[in-house]
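Here's a quick briefing to read with the model open beside you. Have a look at the chain first, then we'll go through it topic by topic.

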Amino acid sequence: MSIHYEVVDTKSEEVANFYNGDLPQALLFAKDCKRQMKSLTGRTYEILVRLEDKTRIPLQEYQKIKKEKCLP
């Protein structure tokens, strides 16, 4: 399953940057980008996960789903 981590402005819903989920450090890069963008602009950003079918879900929801799938 190919995913992308997107750093999105919570107010305007504009994507500031995105990272391919196949990369091992993608989530780390997205979190760092979120922190830097907030520092530069003073606005609030969130990390969304864009799935293969182009739907976006919050990172926490994706991690919960991923964790549940790993459990028997």
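Is glutamate 6 buried or exposed? Glutamate 6 is buried, at a relative accessible area of just 3%, and the cut-off for that label is under 20%. Keep in mind that this is a predicted model.

**The overall picture**

- The protein chain has four strands and two helices, and going along the sequence they come in the order β-β-α-β-β-α.
- For 72 residues, a compact globule would have a radius of gyration near 11 Å, and the 12 Å of the protein chain agrees with that.
- Along the principal axes, the C-alpha atoms take up a box of roughly 45 × 20 × 15 Å.
- Buried residues make up 28% of the 72 in the protein chain.
- If you take contacts between residues at least 6 apart in sequence, 46% of them join residues at least 24 apart.

**Surface and charge**

- About 5,200 Å² of the protein chain is exposed, and 53% of that comes from carbon and sulfur atoms.
- There are 13 positive and 11 negative charges, and their mean positions sit 5 Å from each other.

**Two acidic residues in strand β1**

- Back to glutamate 6: you'll find it in strand β1, which covers residues 4-9.
- The side chain of glutamate 6 makes a polar contact with the side chain of arginine 56, at 2.8 Å.
- Looking past neighbours within four places in sequence, glutamate 6 is in contact with a whole list of residues, including Val15, Asn17, Phe18, Ile47, Leu48 and Arg56.
- Glu46 and Arg50 are also among the contacts of glutamate 6, with those neighbours again left aside.
- Aspartate 9 is in strand β1 too, and it counts as buried because its relative accessible area is 3%, where the limit is under 20%.
- Aspartate 9 has a polar contact of 3.0 Å, side chain to side chain, with arginine 43.
- The aspartate 9 side chain also gets to the backbone nitrogen of lysine 11, at 2.9 Å.
- Not counting residues up to four places away in sequence, aspartate 9 touches Glu14, Arg43, Thr44 and Tyr45.

**Lysine 31 on helix α1**

- Helix α1 runs over residues 26-41, and lysine 31 is part of it.
- Lysine 31 counts as partly exposed because its relative accessibility is 45%, and that class lies between 20% and 50%.
- Lysine 31 touches Ile47 and Leu59, with residues up to four places away in sequence not counted.
- Valine 7 is 24 residues from lysine 31 in sequence, yet their C-alpha atoms are 8.1 Å apart in space.

**Two loop residues with positive phi**

- Glutamate 13 isn't a glycine, but its phi is positive, at about 65 degrees.
- You'll see glutamate 13 in the loop between β1 and β2, the latter being residues 15-20.
- With a relative accessibility of 43%, glutamate 13 is partly exposed.
- Lysine 54 is another non-glycine residue with a positive phi, near 75 degrees.
- The loop that holds lysine 54 connects β3 (45-50) and β4 (56-58).
- Lysine 54 counts as exposed because its relative accessibility is 61%, and the cut-off for exposed is over 50%.

Terms used: Residues numbered from 1 in each chain as written. Predicted model: local features only at pLDDT ≥ 70, side-chain atom pairs only at ≥ 80, totals over all residues. Heavy atoms only, no water. Rg over C-alpha atoms; globule rule 2.2 N^0.38 Å. Buried < 20%, exposed > 50% of the residue type's maximum accessible area, 1.4 Å probe, protein only. Contact = heavy atoms within 4.5 Å. Areas by Shrake-Rupley, 256 points an atom, 1.4 Å probe, with all protein chains shown as cover. Lys, Arg positive; Asp, Glu negative; His and termini not counted. Charge placed at Lys NZ, Arg CZ, Asp CG, Glu CD. Polar contact = N/O pair within 3.5 Å; in protein donor to acceptor, adjacent residues only side chain to side chain.
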